[in-house]
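Open the model in your viewer and keep the selection tool ready. Each stop below says what to select and what is there.

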Amino acid sequence: MLSRYFTVRQEVSEHEIIIQKSRFIAHIKRAENEGEAQEFIQTLKKKYWDANHNCSAYLIGENDQIQKANDDGEPSGTAGVPILEVLKKKKLKDTVVVITRYFGGIKLGAGGLIRAYGKATSEGLETAGIVERRLVQVIHVKIDYTWLGKVEKELRESEYIIKEIHYLDIVEVEVYVIEDQVNVFVDWLTELTNGQADLKKGETDYLEVLL
């Protein structure tokens, strides 16, 4: 698993721009496998069946193993590839983009199309929102209630993120800790509580931070 990577927010996003009277509508979605990406593309092709083009590209996998670009009738290399290049430039993973175009009557030429599809993709990604997914370890911290005030205050003022607090016979605080900082966190909290905290590693998960 990657320690951190960039992708788009979970929500499907849509953003439209007009260039030389042509409408370019960017549709963006997170897709963790090729099946999800293809389903998204086909759904939009059916929805915008009357459009001149529904061009697409996606980049999937930890090492960008799956890369596809489709010009959907535009001159070769003027639509799908520019979309894909924007995804690569922004170092995004698990992302699919479909740009729907309604032709406005003015031909843009190869260079104009490349710029238009690139611009539509870039602006669409800004609307969608980019997140950094950071691999974190959930650390379960069990402490006596007498330590809760101090520990919670220090945690909230630190770079660590409290996931949840369980108020049981003793307090259990679940904390998100970046994987490579776990040992530092354990040492810090042990010193903070004079060794009175019981710390155990929990599940590994990704924490999303909006950029």
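Start with His-27, which has a relative accessibility of 2% and therefore counts as buried, the limit being under 20%. Keep in mind that this is a predicted model.

**Stop 1: around His-27**

His-27 sits in strand S3, residues 22–30. Now show side chains and add Thr-100. A polar contact of 3.1 Å joins the side chains of His-27 and Thr-100. Next, bring up the surroundings of His-27. Leaving out residues up to four places away in sequence, His-27 touches Ser-13, Glu-14, Phe-40, Leu-44 and Tyr-48. Val-96, Val-97, Val-98 and Thr-100 are also among the residues that His-27 touches.

**Stop 2: strand S4**

Select residues 53–60, which make up strand S4. How many of the eight residues of S4 are buried? Eight of the eight are, so S4 is largely enclosed by the rest of the structure. Look at which way the side chains go. His-53, Cys-55, Ala-57 and Leu-59 point one way from S4. Asn-54, Ser-56, Tyr-58 and Ile-60 point the other way. Residues on both sides are buried.

**Stop 3: the partners of S4**

Add strand S6, residues 95–102. S4 and S6 pair in the antiparallel sense over seven bridges. To find one of them, pick His-53: its bridge partner in S6 is Arg-101.

Now add strand S5, residues 66–70. This pairing with S4 is antiparallel too, over five bridges. Pick Tyr-58 here; its bridge partner in S5 is Lys-68. S4 and S5 form a hairpin, with five residues between them. Click on Gly-61 in the turn: its phi is positive, about 110 degrees.

**Stop 4: the loop before S6**

Most residues other than glycine have a negative phi. The next two selections have positive values.

Select Lys-91, in the loop between helix H2 (80–89) and S6. Its phi is near 60 degrees, a positive value in a residue other than glycine. Lys-91 is exposed, with a relative accessible area of 60%.

Then select Asp-94, which lies in the loop between H2 and S6. Phi of Asp-94 is near 50 degrees, again positive in a residue other than glycine. Is Asp-94 buried or exposed? Asp-94 is buried, at 11% relative accessible area.

**Stop 5: Leu-210**

Move to Leu-210 in strand S10, residues 198–210. Which residues is Leu-210 in contact with, beyond its neighbours within four places in sequence? They are Arg-9, Gly-129, Ile-130 and Val-131. Draw a distance from Leu-210 to Gly-129, C-alpha to C-alpha: the two are 7.1 Å apart in space. In sequence, they are 81 residues apart.

**Stop 6: the largest pocket**

Finish with a surface view. Rolling a probe the size of a water molecule over the atoms shows where empty space is left.

The largest pocket has a volume of about 160 Å³. To see its lining, select Arg-4, Arg-134, Val-136, Glu-159, Tyr-160 and Ile-161, together with Tyr-176, Val-177, Ile-178, Gln-181 and Leu-207. Strand S7 (130–143) and strand S9 (171–178) are the elements that give two or more residues to this lining. S9 gives the most, with three residues. Color the lining by class to end the tour: seven residues are nonpolar, one is polar and three are charged.

Key. Residues are numbered from 1 along each chain as its sequence is written. This is a predicted model: local features need pLDDT of at least 70, side-chain atom pairs count only at pLDDT 80 or more; totals for chains, interfaces and linings use all residues. Side-chain values use heavy atoms; hydrogens and water are left out. On a 1 Å grid over the protein atoms alone, a cavity is a set of points where a 1.4 Å probe fits but cannot get out, and a pocket is an open set with protein on both sides within 12 Å along at least five of seven lines; lining residues have an atom within 4 Å of a point. Grid points are joined across faces, edges and corners, and a volume is the space filled by probe spheres set on the points. Helices (H or I, at least four residues) and strands (E, at least two) are DSSP runs, numbered from the N terminus. Ala, Val, Leu, Ile, Met, Phe, Trp, Tyr, Cys and Pro count as nonpolar, Asp, Glu, Lys and Arg as charged, and the others, Gly among them, as polar. Buried means under 20% relative accessible area, exposed over 50%, partly exposed in between (1.4 Å probe, protein chains only). Two strands pair if DSSP finds at least two bridges between them. Contact means heavy atoms within 4.5 Å. A polar contact is a pair of N or O atoms within 3.5 Å; within protein, one must be able to donate a hydrogen and the other to accept it, and residues adjacent in sequence count only if both atoms are side-chain atoms.
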